[in-house]
Amino acid sequence: MVQTGPRPAPGPAPASFFPALRGDLPTIVRAEGIYMYDEAGHAVIDAAGGVGCVTSVGHAVPEVVDAISEQMHAVAFLPWTQFQSKPAADLATLIATITPGSLNRAGLFNGGSEVTEGAVKLARQHWLARGRPEKYLTISRWQGFHGMTLGATGIGGHTARRRKYQPMLLDMPKIPPAYAYRCDDCASGSLRCADELERLIKWQGPENVACFMAEPIVGATMGAVPAPPGYFQRIREICDRYDVLMILDEVMTGFGRTGRWFAAEHWDVVPDIATAAKGVSGGYAPLAVLLATDEVVGALDAAGTPFVAGHTYSQNPVVAAAGIAVVSYIQKHNLVQAAAERGAELLEGLKGLVTSHRIAGDARGMGLLLGLELVSDKVTKEPFPIEAGVAHRFAKACIAEGAAVYPGQGGADGLIGDHVLVTPPMTISSAQVQELVGALDRALTRLEGELAS
């Protein structure tokens with residue numbers, strides 16, 4: 001309906017300007033298990049996983065809440081540059097028992113963006129310690145996402161997140177993504193997209209390249225797009241050939257989300273450095289983990305060089321206690337295996353939606369890191385125009401039908417392309433998987449009706 005009278009006077013601006021707490025957003029007042037509840041008591045399945053893969057063990061887990069409370073009563077904060085934190089040391093030791101290969105040196109950070117910068121700083125300091133100061137470049141991929149700080153944004157390759165800050169970025173070279181739905185080479189089993197790394201290393205000069213960073217499964221910016229079989233094996237070979245450190249960004253994929261403790265295991269590779277966050281503390285505390293091999297950290301040890309990194313809340317004992325409780329809960333309840341099994345059931349359900357809905361173009365992912373791509377034409381894979389905001393409209397329709405998903409745009413070429421991540425807690429049951437698929441089915445029907453009218 002077109003409003004013809006005078007526009008009503010705007011109400012007072014909210015005190016909080018970030019995030020933009022608009023009046024049309026529902027308010028969640030409590031959460032338990034895989035469900036969140038609004039003020040009216042309506043239940044919503046947290047298939048957004050918080051903000052993509054965060055809520056690994058579900059909400060209000062007593063063991064995690066109790067561990068945090070106990071640690072807060074003991075010691076909540078200490079100056080980590082002068083004192084040891086037993087929970088931080090214990091968490092690092094615990095993590096070292098589940099990491100692949102010799103990736104058993106761990107440092108605790110506070111978030112994904114921060115740990116991304118820690119990873120490239122570690123790579124740089126490794127080469128300095130080995131007497132190779134000329135190696136400084138970080139190669140990454142277009143459509144990749146590694147965080148929102150200026151440093152991490154310069155490494156990342158998502159156009160919409162970069163464009164406002166472009167003049168301020170320390171830009172780094174990039175290769176194309178491996179995107180089987182839109183890349184015939186990847187779909188056919190070709191590793192040409194991986195071989196682009198070798199070409200770029202040669203162009204930049206191998207003596208200048210410190211590291212290569214990539215997500216095993218591209219999450220927020222492409223909607224759970226896994227690299228094809230053989231891709232990271234080829235990347236590993238290229239990195240070894242040119243003395244380049246391989247960094248895997250497992251901020252979303254780490255700690256069981258894909259049906260393995262770390263997604264690198266799907267390709268049977270061990271990176272030199274890895275980052276992980278989100279699921280390691282399950283949303284109960286801000287925690288990220290920087291992982292490295294003995295060889296990488298050993299170079300600093302041999303040179304007597306301290307790792308120059310860290311922030312005020314690094315190694316925080318309360319945060320570490322949350323991490324210990326969450327990882328222990330994942331182990332105790334076999335949630336890595338559960339993620340593989342429930343993920344297979346959920347992916348089957350999503351593929352059924354692709355078959356039955358005209359705007360559902362592709363379902364993909366591993367374990368419980370899954371995605372659904374929305375298109376205006378399934379035959380040509382033509383995306384919707386960006387101004388249509390289809391991913392965000394679908395997310396809103398999902399909430400109306402009882403599920404929250406994580407929407408994103410720009411996956412097709414950096415500007416256009418709509419997708420959602422579907423990443424429920426790893427505690428989801430088979431019956432709840434079917435409940436979630438039903439909600440997504442109804443939301444697609446609702447959105448298709450809106451688009452048709």
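Arg234 counts as partly exposed in this predicted model, because its relative accessibility is 26%. You'll find Arg234 in helix 8. Leaving out residues up to four places away in sequence, Arg234 touches Leu191, Ala194 and Asp195. Glu198 is worth a look here too: 36 residues separate it from Arg234 along the chain, and the two C-alpha atoms are 9.8 Å apart.

Follow the chain out of helix 8 (231–241) and you come into the loop that leads to strand 10 (245–250), where Asp243 sits. Its backbone is the thing to check: phi is positive, about 60°, although Asp243 is not a glycine. Most residues other than glycine have a negative phi. As for its surroundings, Asp243 counts as partly exposed, because its relative accessibility is 33%.

Asn334 makes a good companion to that one. It lies in the loop between helix 10 and helix 11 (335–356), and its phi is near 50°, again a positive value in a residue other than glycine. Asn334 is exposed, since its relative accessible area is 54% and the cut-off for exposed is over 50%.

Now step back into helix 10 itself, residues 317–332, and look at how helix 1 (residues 62–74) packs on it: the axes are 9 Å apart and the angle is about 155°. Helix 1 is therefore roughly antiparallel to helix 10, and their crossing is right-handed. On the helix 1 side, the contact uses Glu63, Val64, Ala67, Ile68, Gln71 and Met72. Helix 10 answers with Pro317, Val318, Ala321, Ala322, Ala325, Val326, Tyr329 and Lys332. Sorted by class, the residues of this contact come to 11 nonpolar, one polar and two charged.

Helix 10 has another partner in helix 2 (residues 86–96), with an angle of about 30° and axes 8 Å apart. That angle is why helix 2 counts as roughly parallel to helix 10. The crossing of helix 2 and helix 10 is left-handed. Helix 2 brings Pro87, Ala88, Asp90, Leu91 and Leu94 to the contact, while helix 10 offers Pro317, Ala320, Ala321, Gly323, Ile324, Val327, Ser328 and Gln331. The class count for helix 2 with helix 10 is nine nonpolar, three polar and one charged. If you compare the lists, Pro317 and Ala321 turn up in the contact with helix 1 and also in the contact with helix 2.

For a residue on a strand, go to Thr275 in strand 11 (residues 273–276). Thr275 is buried, because its relative accessible area is 0%. What does it touch once its neighbours within four places in sequence are set aside? Thr275 is in contact with Val115, Thr116 and Ala119, with Leu248, Asp249, Glu250 and Val251, and with Val289 and Leu290.

Last, the cysteines. How many disulfides does the structure hold? The count is zero, and a couple of cysteines show why. A disulfide needs sulfur atoms within 2.5 Å. The sulfur of Cys183 has its closest cysteine sulfur in Cys186, and at 3.5 Å that is too far for a bond. Cys53 is in a similar position as far as bonding goes, because its closest cysteine sulfur, in Cys398, is 16 Å away and so too far for a bond. Both residues count as buried: Cys183 because its relative accessibility is 11%, and Cys53 because its value is 1%.

Notes
Residues are numbered from 1 along each chain as its sequence is written. This is a predicted model: local features need pLDDT of at least 70, side-chain atom pairs count only at pLDDT 80 or more; totals for chains, interfaces and linings use all residues. Side-chain values use heavy atoms; hydrogens and water are left out. Buried means under 20% relative accessible area, exposed over 50%, partly exposed in between (1.4 Å probe, protein chains only). Axes are lines fitted to C-alpha atoms, for helices over the stretch in contact, and angles run from 0 to 180 degrees between N-to-C directions. Helices (H or I, at least four residues) and strands (E, at least two) are DSSP runs, numbered from the N terminus. Angles under 35 degrees count as roughly parallel, over 145 as roughly antiparallel, 65 to 115 as roughly perpendicular and the rest as oblique. A crossing is left-handed if the near helix is turned anticlockwise from the far one by less than a right angle, and right-handed if clockwise. Contact means heavy atoms within 4.5 Å. Ala, Val, Leu, Ile, Met, Phe, Trp, Tyr, Cys and Pro count as nonpolar, Asp, Glu, Lys and Arg as charged, and the others, Gly among them, as polar.
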